[in-house]
Amino acid sequence: MPTLLIKNCDWIVSQNSKRDVLRNASVLIEEGVIRSVGKADSQSADVVLDGRGKIALPGLINTHTHLSMTLFRGFADDMQLQDWLQKKIWPLEAKLTGEDCYVGALLGSAEMIMSGTTGFVDMYFHMEDVARAVAESGLRGFLSYGVIDLFDSAKAKKEKELSQKFFDHVRELNNPRIRFVLGPHSPYTCSPETLLWAKEFAERKNVLLHVHVAETRREQADMQRQHGMRVIEYLDKIGALSGRMLAAHCVWLTKSEVNSLGKVGARVAHCPVSNMKLASGGVAPLPEMFEAGVAVGLGTDGAASNNTLDMFETMKVCALLHKAHRWDPTVLGAQKVLDWATIEGARALGAEREIGSIEVGKKGDIILVDASAPNMTPVHAKSTVISDLVYSASAANVDTTIVDGRVLMRNRQVKSLDPLRVQLKAEEAARRLVGGQLG
Ligand SMILES: [Zn+2]
C-alpha cells in the first residue's frame with residue numbers, strides 16, 4: 001500500500017484528547033495508519049498531497065442513515081410521519097430489489113465522499129448489496145439489516161435467519177472497513193422476544209445494537225397505552241436495554257429515561273435535520289445526555305427524510321436547534337458539535353481507538369477542507385478554526401477525502417467511483433420504482 005504524506009496543511013484539527021489545532025503541519029500515513037502528525041521536515045512518501053490552503057480534520061462520522069433511501073430523495077416531502085411511511089415509503093420499499101439497494105448505496109457513498117463523511121452506520125434491507133457498494137466506494141461502513149417482525153413469530157424467525165446470514169456474509173467478506181451491526185428496527189416494530197434475542201446476539205457476537213428509539217411523541221403515547229410505561233422503561237423491564245445500544249433519535253425522553261441510558265452505557269445517534277423535517281416536535285435532550293454520560297453521535301437519517309447525507313449541514317443545524325430551543329447561545333458550542341461528528345461519534349460506535357481523531361496509531365480517515373474559499377475567509381486564528389468548520393463551511397468546501405490512507409477524492413474528483421455513472425443508474429432505478437406516481 002503506498003505511503004501518503006499530507007504536507008503543510010494550514011491547520012490540522014486533531015480532535016485528540018487535548019483538542020490540539022496545529023499550524024503548518026503534516027500527516028504521514030503508512031499501511032493505512034497515521035504514523036506521524038507535526039512538522040513534515042524532510043519526510044517523503046509515495047503520494048504527497050499539498051495541504052497548503054487546507055484544513056485537515058478527521059473524517060466525519062454519520063451514526064444513523066439508510067443509504068439506499070437516496071433513491072427516494074425528494075419523492076415525498078412535507079407530510080405527516082405516519083402518512084409518509086404508510087402511503088409513500090413502505091409501498092416503495094416493498095418493491096426494492098437487491099440491485100436497487102446497491103445502486104442507492106453507491107449514490108449515497110458518492111454523496112458522502114463528496115461531503116466529507118468517511119464512516120457511517122446504516123440500517124436497511126438487501127444489506128449484502130449495500131456491503132458490495134461500500135466495499136467499492138472505499139468508505140467505512142457499520143452495517144445492520146433492519147429487523148422488523150411486526151409481532152409475528154413466523155416473520156421473527158425469518159428475520160433472525162436473515163440477520164445471521166448477513167453476519168456470516170460480513171465475516172466471509174473479511175473487509176476491515178465493513179463491520180456487522182445488529183439492527184432491531186424499533187420497540188414498536190419488534191416483539192419483546194426479538195428485542196431480547198437481539199440483545200443476547202449482540203453480546204454473544206460482541207457487536208453494536210442499532211435501534212430507533214422515541215422518535216415521536218406518538219411512540220411514547222402508544223407505549224403508555226399498551227404497556228403503561230415509557231419506551232426506555234419498557235426496554236428495561238423486558239430486559240432488552242443494553243450498553244451496546246446505539247439508539248437513533250431519542251427525541252421524546254424524560255430525564256429519568258436519559259439517566260437510564262447513561263447508567264447502562266447506551267449511546268445515542270442524534271438526527272436534528274430529520275427530526276425537524278418530520279416535525280417530531282420535541283428536541284432531543286442533548287445537554288441532559290451529556291450530563292448523564294451518554295455518548296452521542298450525529299446522524300443524517302435517510303435521504304428521504306433529510307434530504308441529504310450532508311454532515312456539515314447536520315453540525316450547523318444541531319448547534320442552531322439547541323441554541324434556539326434553550327434560548328441560550330452558550331448551551332452548545334462549535335467544539336462540542338464537531339466532537340459529536342468525529343471523536344464522540346466514534347465513541348458512540350465503540351471505535352474511538354481506531355477512528356475519530358488525527359493521532360498516531362489511528363486509521364488514516366482524514367478530510368481536507370478548502371480554507372481559501374470566500375465563505376471560509378478569513379480564518380483568523382487557532383481559536384476560530386473550529387467555528388469556521390461548524391458555522392461557515394459547507395460540504396462543497398471538502399476538497400479531499402481519505403479513508404484508511406486511500407485517497408477517495410482529490411480536488412473534488414472522486415476516484416473510487418464514477419459519480420456520473422452512479423447518478424444515471426440511480427435515476428433509472430428511481431424512475432422504475434416511483435413509476436407513474438409523480439406528475
Ligand atoms: Zn432511521
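Trainee: Before we start, what does buried mean here?
Mentor: Buried means under 20% relative accessible area, and since this is a predicted model, every such label describes the prediction.

Trainee: OK, so which residues hold the zinc ion?
Mentor: The zinc ion is coordinated by His64, His66 and His212, each through NE2, together with Asp301 through OD, at 2.1 to 2.5 Å.

Trainee: Are His66 and Asp301 buried or exposed?
Mentor: Histidine 66 is buried, and aspartate 301 is buried as well.

Trainee: How are the donors spaced in sequence?
Mentor: The spacing reads H-x1-H-x145-H-x88-D. Within that set, histidine 66 and aspartate 301 link distant parts of the chain, being 235 residues apart; histidine 66 belongs to the loop between β6 (60-65) and α1 (81-94), whereas aspartate 301 belongs to the loop between β13 (295-298) and α11 (311-326).

Trainee: And why is the arrangement around the zinc ion irregular?
Mentor: The 4 donor atoms subtend angles of 84 to 173° around the zinc ion, so the arrangement is irregular. For four donors to count as tetrahedral, all angles would have to lie between 85 and 135 degrees.

Trainee: Switching to aromatics, how many pairs are there?
Mentor: The structure holds 7 aromatic pairs. In one of them, tyrosine 124 and phenylalanine 125 have ring centres 4.8 Å apart and planes at 40°, so that pair is tilted.

Trainee: How accessible are tyrosine 124 and phenylalanine 125?
Mentor: Tyrosine 124 is buried, with a relative accessible area of 3%, while phenylalanine 125, at 23% relative accessibility, counts as partly exposed.

Trainee: What about phenylalanine 125 and tyrosine 145?
Mentor: Phenylalanine 125 and tyrosine 145 form an edge-to-face pair, 6.4 Å centre to centre with 70° between the planes. The two residues are 20 apart and link distant parts of the chain, with phenylalanine 125 in the loop between β7 (117-124) and α3 (127-137) and tyrosine 145 in strand β8 (residues 140-147). Tyrosine 145 is buried, its relative accessible area being 10%.

Trainee: Which rings make up a cluster?
Mentor: Phe166, Phe167, Phe180, Trp197 and Phe201 are linked into a cluster by ring pairs.

Trainee: Last one, where do arginine 23 and arginine 132 sit?
Mentor: Arginine 23 lies over the face of tryptophan 11, at 4.3 Å from the ring centre, and arginine 132 has its charged end over the ring of tyrosine 102, 3.8 Å from the centre of that ring.

Conventions. Residues numbered from 1 in each chain as written. Predicted model: local features only at pLDDT ≥ 70, side-chain atom pairs only at ≥ 80, totals over all residues. Heavy atoms only, no water. Donors = N, O, S within 2.8 Å, 3.2 Å for Na, K, Ca; no water. Tetrahedral: all angles 85-135°; square planar, octahedral: opposite > 155°, others 65-115°. Helix = DSSP H or I, 4+ residues; strand = E, 2+ residues; numbered from the N terminus. Buried < 20%, exposed > 50% of the residue type's maximum accessible area, 1.4 Å probe, protein only. Phe/Tyr/Trp six-rings, centres within 6.5 Å; stacked < 30°, edge-to-face > 60°. Lys NZ or Arg CZ within 6 Å of the ring centre and 35° of its normal.
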